[in-house]
Amino acid sequence: MKRKTLFWIVLFAVLAAASAGMYLLRGGAGGTVAAVYVDGELRDRIDLSAAVIPYELTVETEYGYNTLRVSHGAVEVAEADCDEQVCVHQGAIRDSLVPIVCLPHRLVIQIEEPEP
């Protein structure tokens, strides 16, 4: 019985140490940046970890406008003057898995994770 309990304690300690190591190698929870592209060109870089108080930012292009809502660690399109509103309905993004794309305005918002 004691040997089995010791096994589980050691296993959980190793998993906790590995998780902490991965967290530290990725730079912790902060440091993410949202890169805003229009027509494939970088328009703006927004430091999401510095956004303590949520704010809105309007990106105007020759195709229309998108109002971005920036909060700590996340960004979303709050309003746009395009027909389909796909970018608005997508909601907030917090990681680099799926970017926000507004095809009519040729806008892409991509989260860039910190480099280790």
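Select His105 to begin: in this predicted model, His105 counts as buried because its relative accessibility is 2%, and the limit for buried is under 20%. His105 sits in the loop between β6 (100-102) and β7 (107-112). Show its surroundings next. Leaving aside residues up to four places away in sequence, His105 touches Val38, Thr61, Tyr63, Gly64, Tyr65, Asn66, Ala80, Asp81 and Cys82.

**The β6–β7 hairpin**

Now select β6 and β7 together. They form a hairpin with 4 residues between them, and the two strands run antiparallel, joined by 3 bridges. Ile100 stands opposite Ile109 in β7. In the turn, look at Arg106, whose phi is positive at about 55°.

Keep β7 on screen and show its side chains. Leu107, Ile109 and Ile111 make up the covered face, while Val108, Gln110 and Glu112 make up the uncovered one. Add β1 (residues 33-38), which runs antiparallel to β7 and is joined to it by 6 bridges. Within this pairing, Tyr37 has Val108 as its bridge partner.

**The salt bridge at Arg106**

Return to Arg106 and add Asp39. The two form a salt bridge in which the closest N and O atoms are 3.5 Å apart. This pair links distant parts of the chain, 67 residues apart: Arg106 is in the loop between β6 and β7, and Asp39 is in the loop between β1 and β2 (41-47). Arg106 counts as partly exposed because its relative accessibility is 45%. Asp39 is also partly exposed, at 42%.

**The core**

Select Leu68, Val75, Val77, Cys87 and Ile109. In the largest nonpolar core, which has 21 residues, these touch the most other members. The elements that give two or more residues to this core are β1, β4 (64-71), β5 (74-80), α2 (86-90), β6 and β7.

Centre the view on Leu68. Apart from residues up to four places away in sequence, its contacts include Val36, Ile46, Tyr55, Val75, Val77 and Ile109.

**The β4–β5 hairpin and a charged network**

Select β4 and β5. These strands run antiparallel, with 6 bridges between them, and form a hairpin with 2 residues in between. Ser71 stands opposite Ala74 in β5. Gly73, in the turn, has a positive phi of about 85°.

Which residue forms a salt bridge with Arg69, with the closest N and O atoms 3.1 Å apart? Select Glu56 to see the partner. Glu56 lies in strand β3 (residues 55-61) and Arg69 in strand β4, so the pair ties together parts that are 13 residues apart in sequence. Then add Glu76, whose side chain meets that of Arg69 in a salt bridge (3.7 Å, N to O). Shared partners join Glu56, Arg69 and Glu76 into one network. Each of the three residues is partly exposed: Glu56 at 48%, Arg69 at 33% and Glu76 at 22%. The whole structure has 4 salt bridges.

**The helix α1 and the whole chain**

Go to helix α1 (residues 2-25) and select Trp8, which is found there. Trp8 counts as partly exposed because its relative accessibility is 42%. Add Phe7, Leu11, Phe12 and Leu15, which together with Trp8 make a nonpolar surface patch of about 520 Å².

Finally, show the full chain. There are 2 helices and 7 strands, in the order α-β-β-β-β-β-α-β-β. Of the 116 residues, 27% count as buried. The chain exposes about 7900 Å², of which carbon and sulfur atoms supply 60%.

Note on methods. Residues numbered from 1 in each chain as written. Predicted model: local features only at pLDDT ≥ 70, side-chain atom pairs only at ≥ 80, totals over all residues. Heavy atoms only, no water. Buried < 20%, exposed > 50% of the residue type's maximum accessible area, 1.4 Å probe, protein only. Contact = heavy atoms within 4.5 Å. Pairing = 2+ DSSP bridges. Core = buried A, V, L, I, M, F, W, Y, C linked by side-chain atoms within 4.5 Å. Patch = residues over 30% accessible without salt bridge, like charges linked within 9 Å, V, L, I, M, F, W, Y side chains within 5 Å. Areas by Shrake-Rupley, 256 points an atom, 1.4 Å probe, with all protein chains shown as cover.
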